[in-house]
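Q: I have a model open here and want to go through it. Can you take some quick questions?
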Amino acid sequence: MRLEYTGPIPECIGFLLLPRFSMMAFFSAVEPLRIANQISGKQLFDWQMISEDGKPVKASNGMSLLADKAIDAVHDLPSLAVCSGFDPEAYLSRPLMRWLHRLDAAGCALGGLDTGCFLLAAADLLKGERVTLHWESLPSFQERFPEVRTSDELFELGQRRFSCAGGAAAMDMALDVIARRHGTQLAIDVSEQLVHERIRTRRDQQRMTLARRLGTHRRRLVEAVDVMERHIEAPLPLSEVAQRSGISLRHLQRLFDSELNQSPRSWYLGLRLERAHYLLKETDLDVLSVGLACGFSSSSSFSRAFRTHYGVSPRQMRKAQSQ
């Protein structure tokens, strides 16, 4: 799924399936290719499902898929998509890393669906690249790999790297590839077969608008929450949040009370604790680092706030996750 392709047809795309991969992202990427073949009456695309040992791989939903090949049987591919879900770095073995580097040296375009870029970054294969991931995973990726440029686009297509946010975004990336390779009309026909309302561009938002998520159209409130979401690691005083939203602190408090049934202080703290909960669950950052990344000045203040909110301490939650 490189940006441009001039190789033989059918274009073969490899899908590396890691344990607990996102089934939805995988099928969202493959089904448009299958339908493009069907509608065109030609074998435009082909694909291989690959696992490290050639054995079936269980997805995050508990279903298993058969692999076509093991990595040691695959030596030449135009493109490879790493399909992963939870804790992708746990599955980066030395043989797998060597294999990815061999493919890269041979000119293979490497990409990640959903959280696949965690594995590529851990293998040191994303230097100088710009990638995207699922919005929930972006903060932890940025903490783990600050040297890799990221975006919150639906997908990114480059000459040698590609990535998408997972879920339905994989479908939009596949439709974009079909349009580039074989014309916009074929992509539209495939989209209609999928009952996909429209082909989203890479710049479409991953998430609902903030106003829809909050269930309000009060512009000043939406601006205030947006300011809070963009300042998790270094929280702003509420007076500055109000100032940046163009209202007084008292007006800010009234808006939160009337629209969200919470004080702005409580809402802001909840945002920071939700981020901490995700980092504890999906990364191996130590508890102090997670606290600092979410705006807490000490592990004790972080632990107190976390226990009050979730009923367990950060260490207890992480211990339960590992069992």
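Q: Which residue takes a positive phi just after H1?
A: Gly41, in this predicted model. Its phi is about 75°.

Q: And H1 itself, how many residues does it have?
A: H1 has 18 residues, 23-40. From first C-alpha to last it reaches 26 Å, close to the 26 Å expected at 1.5 Å a residue.

Q: Which residues in H1 are buried?
A: Among them are Met23, Phe26, Val30, Leu33 and Ile35. Pro32 and Asn37 are buried too.

Q: Which aromatic cluster does Phe26 belong to?
A: One formed with Phe15, Phe21 and Phe27.

Q: How many aromatic pairs are there?
A: The count comes to ten. One of them is Phe118 with Phe141, an edge-to-face pair. The centres are 5.2 Å apart and the planes sit at 90°.

Q: Where are Phe118 and Phe141 in the chain?
A: Phe118 is in helix H3, residues 116-122, and Phe141 is in helix H4, residues 138-144. They are 23 residues apart, and the pair links distant parts of the chain.

Q: Buried or exposed, those two?
A: Phe118 and Phe141 are both buried.

Q: Why is the pair of Phe141 and Phe145 called tilted?
A: Because the planes are at 50°, between the 30 and 60 degree cut-offs. The ring centres are 5.1 Å apart. Phe145 is buried, like Phe141.

Q: New topic. What does UniProt list for residues 222-320?
A: The unreviewed entry lists "domain: HTH araC/xylS-type" there. In the model, that stretch is 73% helix and 0% strand. Its end C-alpha atoms are 36 Å apart.

Q: What lies over the face of Phe296?
A: Arg272, at 4.3 Å from the ring centre.

Notes. Residues are numbered from 1 along each chain as its sequence is written. This is a predicted model: local features need pLDDT of at least 70, side-chain atom pairs count only at pLDDT 80 or more; totals for chains, interfaces and linings use all residues. Side-chain values use heavy atoms; hydrogens and water are left out. Helices (H or I, at least four residues) and strands (E, at least two) are DSSP runs, numbered from the N terminus. The expected span of a helix is 1.5 Å times one less than its number of residues. Buried means under 20% relative accessible area, exposed over 50%, partly exposed in between (1.4 Å probe, protein chains only). UniProt positions are given in the numbering used here, feature names are shortened, and annotations may be inferred rather than shown by experiment. Rings of Phe, Tyr and Trp (its six-membered ring) pair if their centres lie within 6.5 Å; planes under 30 degrees apart count as stacked, over 60 as edge-to-face and the rest as tilted. A charge sits over a ring if NZ of Lys or CZ of Arg is within 6 Å of the ring centre and within 35 degrees of the ring normal.
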